[in-house]
Amino acid sequence: MEYGEIKIPKEIISKIEARLEETGFESVDKYVTFVLEEVIKEVGDDEPEEVFSEEDEKKVKERLRALGYLD
Amino acid sequence: MITVLAIDALEYTLVEKFDCNNLKQKYYGKTNISEFSEPRTMVLWSSFMTGKNMEKEILAKGDKEMWNTRLDIKDTFFDQFENPKIIDLPGFNYITDQHDQERKLLKEFFDVQSEEEKDQVRVEYNNLAFEHHRKIKEEFIEVLEADHDFILGYFSVADVIGHLNFGNRTMMKMIYKDLDEIAGSLKNQFIVLSDHGMEQIGIFGDHSNYGFWSTDFKDLDNPGITDFAEIIREMR
């Protein structure tokens, strides 16, 4: 894969650097590439992000107990 | 050198969905774990390395003690190699302090009452898992350069993060892309293997009743997890 350069505000770079630790990304480049890929693919992707529900929580809690995660 | 990328809860449908071509290799599919009553991590990895169903033996230890299982190398196929390197494998040299802490936070998530408290615990839990993942990845990449005839790196991030975040598509995709990048960095022949996959319950994730495998040398069809001890012996 070939790479090019883009310019983005330093302020954004600093914010991304501060977030890297809690994302698992190794560099700002990889983070930005991933986010841009996601945005580009967003068009036509109507799958909703899931949200917390107490009913789901109850189900998964029972399953995790059965699997030995919660003693 | 033979390498095994042992990925907890790597889900077949997400490998497909996220186009993880390095994880898929030339041949890939689902493993058959129907001989087990439940897709339990410790039971499945112990059965993988011994080549026999270890469910009865592991469950006899009880839910708490089973996580401390440490099989002797002589009871595993690792013994067939002259200088094997195994990283963080459940049932062998699992880093118990780390994984005990993960389960403690998982329990805390369900124990706290408010959504705000749950969010705080989730962040702490995710950070703990990602930090561990980075350490394991670093160690794995280092040992690839050393003089080993067998390397197994166990990556727990898809399972640990998946339990509380499987409905977060962006986060799961980020993890799968990272695992795919690790597979892409391997130069020698390798097997990708998961103990089980994961199915969605809203934002959460539960273990699915099949695992994932891939190779670049043979179509294994629908193998049992206990078949891999022999498959790897034959690769030597």
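In this predicted model, B:L5 stands opposite B:G153, a residue of strand β4 of chain B, and this pair offers a convenient way into the strands of that chain. The strand β4(B) covers residues 150-155, and it is joined to β1(B) by six bridges, with the two strands running parallel. On the strand β1(B) there is also a pairing with β5(B), residues 190-193, which is again in the parallel sense and extends over four bridges. Within that second pairing, B:A6 is the residue that stands opposite B:L193 of β5(B). The strand β1(B) is thus described by its pairing with β4(B) and by its pairing with β5(B), and its surroundings can be described as well: β1(B), which spans residues 2-7, is mostly covered, with five of its six residues buried.

From the strands of chain B one can turn to a pair of its helices. Helix α8(B), residues 157-165, packs with helix α9(B), residues 169-184, at an angle of about 175°, and the axes of the two helices are 10 Å apart. An angle over 145 degrees counts as roughly antiparallel, and α8(B) and α9(B) are therefore roughly antiparallel to each other. On the side of α8(B), the contact is made by B:V157, B:A158, B:I161, B:G162 and B:N165, while α9(B) contributes B:M171, B:M172, B:I175 and B:L179. In character, the residues of this contact between α8(B) and α9(B) comprise seven nonpolar and two polar ones, with no charged residue.

Chain A is built from helices, three in number, with zero strands, so that its elements, read from the N terminus on, follow the order α-α-α. Of the 71 residues in chain A, 8% count as buried.

What remains is the meeting of the two chains, where 24 residues of chain A are in contact with 29 residues of chain B. On the side of chain A that touches chain B, helices α2 (28-42) and α3 (54-66) of chain A each supply at least two residues, and α3(A) gives the most, with eight residues. How do the residues on this side of chain A divide into nonpolar, polar and charged? The division is nine nonpolar, four polar and 11 charged, a composition that may be read beside that of the contact of α8(B) with α9(B), in which no charged residue takes part.

Terms used. Residues are numbered from 1 along each chain as its sequence is written. Chains are lettered from A and ligands numbered from 1 in the order in which they are written. This is a predicted model: local features need pLDDT of at least 70, side-chain atom pairs count only at pLDDT 80 or more; totals for chains, interfaces and linings use all residues. Two residues are in contact if their C-beta atoms, placed from the backbone, lie within 7 Å. Ala, Val, Leu, Ile, Met, Phe, Trp, Tyr, Cys and Pro count as nonpolar, Asp, Glu, Lys and Arg as charged, and the others, Gly among them, as polar. Axes are lines fitted to C-alpha atoms, for helices over the stretch in contact, and angles run from 0 to 180 degrees between N-to-C directions. Angles under 35 degrees count as roughly parallel, over 145 as roughly antiparallel, 65 to 115 as roughly perpendicular and the rest as oblique. A residue is buried if 20 or more other C-beta atoms lie within 10 Å of its own, exposed if 12 or fewer, and partly exposed in between; C-beta atoms are placed from the backbone. Two strands pair if DSSP finds at least two bridges between them.
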